[in-house]
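Trainee: Could we take a close look at one part of this model together? I would like to understand how its inside is put together.

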Amino acid sequence: MGADSGRYRGTEGRISQWLRRRPKPQPEADDAARLELLLAVAEAGMPISPAAHPSGYRCSCERIGCPTPARHPISFAWQTQSTTDRGQIERWAANQPLANFITATGMIHDVLDVPLAAGQAALDRLTAAGIDVGPVARSGADRMLFFTATRGTPDDEDEWWPCELDCHPETMDEHPGLRWHCRGSYVLLPPARLPGDLDVHWIRGPENPLPDPLTLLETLTDACAQYADTADEGELDHGSVAWPLSR
């Protein structure tokens, strides 16, 4: 018994020594990279605000059945809270190390939000045609975000160009194809973590100039129409949709 006990203590000692020698995680490096990406967005003029983050497979807001886990702002005042101020962003990042961030659209920029398959096809076509695409992000497993200049916020509301594709947080599920995030909406900003080990990351970073949305719109709508047609064919032929049509 005594010999066995000594042998086990020796083993535990070696394990402890091995654990002490293991490379330690570098959270400071991750935090620095996160802050650098957030500040790059702010430097491009796009205002940001803290958002919820994953808590296991749930949302950190702890709302039962949260409809957009880890994808929504923390504050109801996110529109007025959103900022490009470097000091404020640094404080948020330091005080809320797990937080995701959203960017409020319709002030400096809009976002054309499309199904991933359609977005990839459109990106390939636009790039091959030599069109300046601007910043592009992949959001989770099923969406792609094209960041563009905003249509503006005219003083005369009658001049506002209404669009059935305009998307607001409460109408996200009504637009399974192309969503146009403008005034009163937001998107989750890279780098962001989502439940299920998914994320939001840049394909083309915020250093790319924001293009006029109309230079992308025709190609994106064509790609979304092809996506929908393929999905409908899959539903007819196989009893199921080829790509998911909802978030």
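Trainee: Which of the 20 residues in the largest nonpolar core touch the most other members?

Mentor: Happy to help! This is a predicted model, in which local features need pLDDT of at least 70 and side-chain atom pairs count only at pLDDT 80 or more, while totals for chains, interfaces and linings use all residues. Residues are numbered from 1 along each chain as its sequence is written, and side-chain values use heavy atoms, with hydrogens and water left out.

The residues you are after are Leu112, Val114, Phe146 and Leu220, which touch the most other members of this 20-residue core. At least two core residues come from each of strand 5 (109-115), helix 5 (116-128), strand 7 and helix 6 (214-238). Helix 6 gives the largest share, six residues. A nonpolar core here is a set of buried Ala, Val, Leu, Ile, Met, Phe, Trp, Tyr and Cys residues joined through side-chain atoms within 4.5 Å. Buried stands for under 20% relative accessible area, exposed for over 50%, and partly exposed for anything in between, using a 1.4 Å probe and protein chains only. Helices (H or I, at least four residues) and strands (E, at least two) are DSSP runs numbered from the N terminus.

Now zoom in on Leu112. Once neighbours within four places in sequence are set aside, its contacts (heavy atoms within 4.5 Å) include Phe146, Thr148, Trp180, Pro213 and Leu220. Apart from this core lies another one of 17 residues, among them Leu38, Leu39, Ala137 and Val187.

Let us follow strand 7 a little further. Arg143 is found in this strand, and with a relative accessible area of 6% Arg143 is buried. A polar atom of the Arg143 side chain lies 2.7 Å from the backbone oxygen of Gly177. That is a polar contact, a pair of N or O atoms within 3.5 Å; within protein, one must be able to donate a hydrogen and the other to accept it, and residues adjacent in sequence count only if both atoms are side-chain atoms.

Next comes Asp212, in the loop between strand 12 and helix 6. Asp212 counts as partly exposed because its relative accessibility is 43%. Its side chain has a polar atom 2.8 Å from the backbone nitrogen of Leu214. Asp212 and Thr148 are 64 residues apart in sequence, yet their C-alpha atoms are 5.9 Å apart in space.

Aromatic rings are worth a look too: the whole structure holds three aromatic pairs. One of them joins Trp92 and Phe101, with ring centres 6.3 Å apart and planes at 50°, so this pair is tilted. Rings of Phe, Tyr and Trp (its six-membered ring) pair if their centres lie within 6.5 Å; planes under 30 degrees apart are stacked, over 60 edge-to-face and the rest tilted. Both Trp92 and Phe101 are buried. Phe147 and Trp202 are also a tilted pair, since their ring centres are 5.1 Å apart and their planes meet at 55°. This pair links distant parts of the chain, Phe147 in strand 7 (residues 143-149) and Trp202 in strand 12 (residues 198-204), 55 residues apart.

Finally, Phe101 leads us to strand 4 (residues 100-104), where five of five residues are buried. Strand 4 runs antiparallel to strand 10 (residues 186-189) and is joined to strand 10 by four bridges; strands pair if DSSP finds at least two bridges between them. In strand 10, Leu189 is the bridge partner of Phe101.
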